[in-house]
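Good morning, colleagues. I should like to take a few minutes to walk through one model, beginning with the surroundings of its ligands and ending with its confidence scores.

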Amino acid sequence: MEPNSPTQVTTPTQWGTKAWHLLSQVRTQSPLIQCITNFVSMDLMANTLLSAGASPAMLHSVEEIHDFTPHADALCINIGTLSPAWLPAMKAAAAVCSDKGKPWVLDPVAVSASGFRMKACLELLELRPTVIRGNGSEIIALSFASSDKPTKGADSIHESTDAVEAAKLLAQKSGAIVAVSGATDIVTDGNQVVGAHNGVALMQKITATGCSVTALVAAFVAVDKSHALDAAVSALAVFGVAGELGMKMAKGPGSLRMHLIDALHGLDEATLLSHVNITSLS
Ligand SMILES: Nc1ncnc2c1ncn2[C@@H]1O[C@H](COP(=O)(O)OP(=O)(O)OP(=O)(O)O)[C@@H](O)[C@H]1O
Ligand SMILES: Cc1ncsc1CCO
Ligand SMILES: [Mg+2]
């Protein structure tokens with residue numbers, strides 16, 4: 001696999017400007033994002049993409065990959081409710097992207113829950129995802145290809161900061177940018193490590209916020225595919241800022257879900273620049 005390319009050090013102010021630029025590009029270009037995702041996440045993921053200005057398409061039939069996937073600007077694959085029937089479509093779509101140099105993003109939901117899930121993820125890794133985004137437990141399990149000790153399932157029992165070395169190893173082994181969500185979202189190319197400190201803890205109490213931010217990463221990578229690390233960091237920070245703004249109006253997880261989507265849709269430059277909190281961790 002090709003080595004990851006070095007990325008220049010970016011100051012906090014430059015990160016804010018970069019995140020705004022990429023969000024603006026998503027809004028003006030409205031990239032088409034194909035999502036092959038779990039049943040739980042379909043609604044929130046599609047609404048997250050729409051609020052950010054992208055165009056979601058939740059197409060997962062293997063019969064449609066040949067016609068449709070070449071027209072997508074990026075692909076998001078999520079194994080959350082995986083069954084054998086879905087895997088051929090996931091592999092076919094990932095192969096189209098890999099062949100055409102189109103970005104695609106993998107979300108290894110609950111990868112340690114079973115040998116079946118782990119094997120599927122390892123086969124998908126062979127198709128060279130541009131970015132892998134998971135929670136701490138998922139990234140640790142995938143990095144060590146370990147399903148010996150099933151964790152809680154879709155939720156993490158690790159902090160994202162517990163997964164830094166595992167994330168770097170996975171990035172080095174796979175050639176992908178690896179993003180770990182949590183109180184601090186961590187993104188690495190196997191060498192450089194960047195932290196996005198935005199978000200609120202209550203986002204963990206809304207199912208599929210992680211799945212949705214993975215799709216947002218796909219939208220950001222779609223508009224800047226040669227800088228996948230920057231795009232992933234920016235998407236995670238933007239989603240976190242939307243969570244912080246939404247929290248000002250929310251009374252609990254149900255209303256946070258609604259206000260987060262509203263905040264993402266209405267996010268302006270000054271608000272984003274004053275909230276983005278991204279630092280280098282390496
Ligand atoms: N303690 C926290 N403080 C701030 N933000 C958080 C915290 N925990 C998670 N988040 C944010 O919540 C979102 C979802 O992250 P999480 O780690 O819960 O994903 P996940 O476990 O894959 O979720 P799911 O599988 O339900 O989609 C991310 O945007 C992340 O930054
Ligand atoms: C709860 C849950 N179970 C399988 S997928 C999913 C959505 C969050 O990943
Ligand atoms: Mg998840």
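Let me begin at ligand 1, where α8 gives the most to the surrounding shell, with 4 residues. Please bear in mind throughout that this is a predicted model.

The shell around ligand 1 holds 23 residues, and those that come nearest are Asn135, Ser181, Gly199, Met203 and Gly210. Two elements give two or more residues to this shell, namely α8, residues 209-223, and α9, residues 228-247. By character, the shell around ligand 1 divides into 11 nonpolar, 10 polar and 2 charged residues.

How does the shell around ligand 2 divide into nonpolar, polar and charged residues? There are 5 nonpolar and 5 polar residues, and no charged ones. The residues concerned are Asn38, Val40, Ser41, Gly80, Thr81, Val109, Ala154, Thr207, Ala208 and Cys211.

I turn now to the nonpolar interior. The largest nonpolar core has 96 residues. The members that touch the most others are Ile33, Val217, Ala218, Ala219, Phe220, Val221 and Ala232. Helix α9 supplies the largest share of this core, with 13 residues.

Val221 deserves a closer look. Beyond its neighbours within four places in sequence, Val221 is in contact with Ala74, Pro103, Val105, Thr130, Val131, Ala228, Ala231 and Ala232. Of these partners, Ala232 is itself listed among the core members that touch the most others.

The next element is helix α6, which spans residues 136-143. How many of its residues are buried? The count is 8 of 8. They are Gly136, Ser137, Glu138, Ile139, Ile140, Ala141, Leu142 and Ser143, a list that includes the charged residue Glu138. What covers these buried residues? The cover includes the helices α5 (115-125) and α7 (164-174), together with the strands β5 (131-135) and β6 (177-181). Just after α6, Ala145 takes a positive phi of about 45°.

Finally, the confidence scores. The chain averages a pLDDT of 95, and 95% of the residues score at least 70. For the model as a whole, the ipTM is 0.99 and the pTM is 0.96. Where does pLDDT stay under 50? That stretch is residues 1-6, for which the model has 8 contacts beyond four places in sequence.

To close, I return to α9: this helix gives two or more residues to the shell around ligand 1, and α9 also provides the largest share of the largest nonpolar core. Thank you for your attention.

Notes: Residues are numbered from 1 along each chain as its sequence is written. Chains are lettered from A and ligands numbered from 1 in the order in which they are written. This is a predicted model: local features need pLDDT of at least 70, side-chain atom pairs count only at pLDDT 80 or more; totals for chains, interfaces and linings use all residues. pLDDT is the predictor's confidence in each residue, from 0 to 100. Two residues are in contact if their C-beta atoms, placed from the backbone, lie within 7 Å. A residue is near a molecule or strand if its C-beta atom, placed from the backbone, lies within 6 Å of it. A residue is buried if 20 or more other C-beta atoms lie within 10 Å of its own, exposed if 12 or fewer, and partly exposed in between; C-beta atoms are placed from the backbone. A nonpolar core is a set of buried Ala, Val, Leu, Ile, Met, Phe, Trp, Tyr and Cys residues joined through C-beta atoms within 7 Å.
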